[in-house]
Amino acid sequence: MCIRDRYMGNIMGIEALPPGVYSKFPFLWFVAAVNISKWGFDTYLNLRQLKRLRIEKMPKQVASLNFSEEEFLKERRYSKDKMNYRLFQDAFNLVLETILLVSRYSAFLWGICRQIVIQVGFLDSESEFHTALVFIFIEVWRSKLISIPFSIYHSFVLEARHGFNKKTVKTFIKDEALSVLLILIFVPPILYAILWIMANAGDKFYIYLEILIGVLILF
């Protein structure tokens, strides 16, 4: 049994379910519904906040803190622009994630990665670690290519409009490259540790996974 099957069987109790129950439950649509519900609740709260940000009359409590009318309006307009940006980005991410989820993109990409590993001679075609490594490498670049337009707009349009942008094109490229480099350096050993635990720690492997994740969160 492969690592993925062991994980699903132990964590979700699939082995204890009657035959066919797992395959009939619409897990993908359930996860999509949860994601949409969470987005809906967050959007509701953000819209309430945006409504308040559109009020440009300075409250007496703020005026008592020696804020000038100009400073108050500047902060309000900046916060309003940031909220509109966040609402658009959240909606975009929800649509994209839902499409990828219900289209079974991850399973499709995993198959592609398996074929890449088989075709590349110096990788072990039987190693799930190597397949997962190729999978993460592709996902890092996919996510980065999608996020870069948002980062450019945030730094060079939104922040610059309000006089807060301190980045140059050179520092922006440097920061983005550094973030990708750090992911490619730190993710492989963490991934290897996770897969090793799942393959060798027995039926209670998830306990050791929780310990590992707890340690990673602390650091």
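Me: What share of the 219 residues in the chain is buried?
Reply: Buried residues come to 23% of the 219. Bear in mind that this is a predicted model.

Me: OK. How many helices and strands are we looking at?
Reply: The chain has 9 helices and 0 strands. Going along the sequence, the pattern reads α-α-α-α-α-α-α-α-α.

Me: Let's take α7. How many residues does α7 have, and how far does α7 reach?
Reply: Helix α7 covers residues 128-161, which is 34 residues. From first C-alpha to last, α7 reaches 47 Å, close to the 50 Å expected at 1.5 Å a residue.

Me: Where's the kink in α7?
Reply: At Ser147, with an angle of about 35 degrees. The proline Pro149 comes shortly after that kink.

Me: And which residue with a positive phi follows α7?
Reply: That's Gly163, with phi near 80 degrees.

Me: There's a lysine in the loop after that. Where does Lys167 lie?
Reply: Lys167 is in the loop between α7 and α8. Its relative accessibility is 33%, so Lys167 counts as partly exposed.

Me: How far apart are Lys167 and Ser155 in space?
Reply: They're 7.2 Å apart, C-alpha to C-alpha, with their positions 12 residues apart in sequence.

Me: Switching to aromatics. How many aromatic pairs are there?
Reply: The count is 10 aromatic pairs. One of them is Phe88 with Phe150: the ring centres are 6.1 Å apart and the planes sit at 40 degrees, so this pair is tilted.

Me: Which helices do Phe88 and Phe150 lie in?
Reply: Phe88 is in α5 (residues 69-102) and Phe150 is in α7, so the pair ties together parts 62 residues apart in sequence.

Me: Are those two buried or exposed?
Reply: One of each. Phe88 has a relative accessible area of 55%, so Phe88 is exposed. Phe150 is at 11%, which means Phe150 counts as buried.

Me: What about Phe129 and Tyr192, how are those rings arranged?
Reply: Edge-to-face, because their planes are at 85 degrees, with the centres 5.1 Å apart. Phe129 belongs to α7 and Tyr192 to α8 (residues 169-200), so this pair ties together parts that are 63 residues apart in sequence.

Me: And how accessible are Phe129 and Tyr192?
Reply: Phe129 is buried, with a relative accessible area of 18%. Tyr192 is partly exposed at 46% relative accessibility.

Me: Which residues do ring pairs link into a cluster?
Reply: Tyr85, Phe88, Phe92, Phe150 and Tyr153. So the Phe88 and Phe150 we just went through both belong to that cluster.

Me: Now charges. How many salt bridges are there?
Reply: There are 6 salt bridges. Among them is Asp42 with Lys38, where the closest N and O atoms are 2.9 Å apart.

Me: Where do Asp42 and Lys38 lie?
Reply: Both are in helix α3 (residues 27-53), 4 residues apart, which is about one turn of the helix. Asp42 is partly exposed, with a relative accessible area of 27%, while Lys38 is exposed at 55%.

Me: What does Arg161 form a salt bridge with?
Reply: With Asp81, the closest N and O atoms being 3.0 Å apart. This pair links distant parts of the chain, as Arg161 is in α7 and Asp81 in α5, 80 residues apart.

Me: Is each of them buried or exposed?
Reply: Arg161 counts as partly exposed, at 47% relative accessibility. Asp81 is buried, with a relative accessible area of 18%.

Me: And which residue meets Glu176 in a salt bridge?
Reply: Lys144 does, at 2.9 Å from N to O. Glu176 sits in α8 and Lys144 in α7, 32 residues apart, and the pair links distant parts of the chain. Glu176 and Lys144 are both buried.

Me: Last topic, the surface. Which residues form a nonpolar patch?
Reply: Ile207, Tyr208, Ile211, Val215, Leu218 and Phe219. Together they have about 710 Å² of accessible area.

Me: Where in that lot does Ile207 lie, and how accessible is it?
Reply: Ile207 is in helix α9 (residues 205-218). Ile207 is partly exposed, with a relative accessible area of 40%.

Note on methods: Residues are numbered from 1 along each chain as its sequence is written. This is a predicted model: local features need pLDDT of at least 70, side-chain atom pairs count only at pLDDT 80 or more; totals for chains, interfaces and linings use all residues. Side-chain values use heavy atoms; hydrogens and water are left out. Helices (H or I, at least four residues) and strands (E, at least two) are DSSP runs, numbered from the N terminus. The expected span of a helix is 1.5 Å times one less than its number of residues. The bend at a residue is the angle between axes fitted to the seven residues ending there and the seven starting there. Rings of Phe, Tyr and Trp (its six-membered ring) pair if their centres lie within 6.5 Å; planes under 30 degrees apart count as stacked, over 60 as edge-to-face and the rest as tilted. Buried means under 20% relative accessible area, exposed over 50%, partly exposed in between (1.4 Å probe, protein chains only). Patches are made of residues with over 30% relative accessible area and no salt bridge: like charges are joined within 9 Å, nonpolar side chains (Val, Leu, Ile, Met, Phe, Trp, Tyr) within 5 Å. Accessible areas come from the Shrake-Rupley method with a 1.4 Å probe; for residues, only the protein chains shown count as cover. A salt bridge is a side-chain nitrogen of Lys or Arg within 4 Å of a carboxyl oxygen of Asp or Glu.
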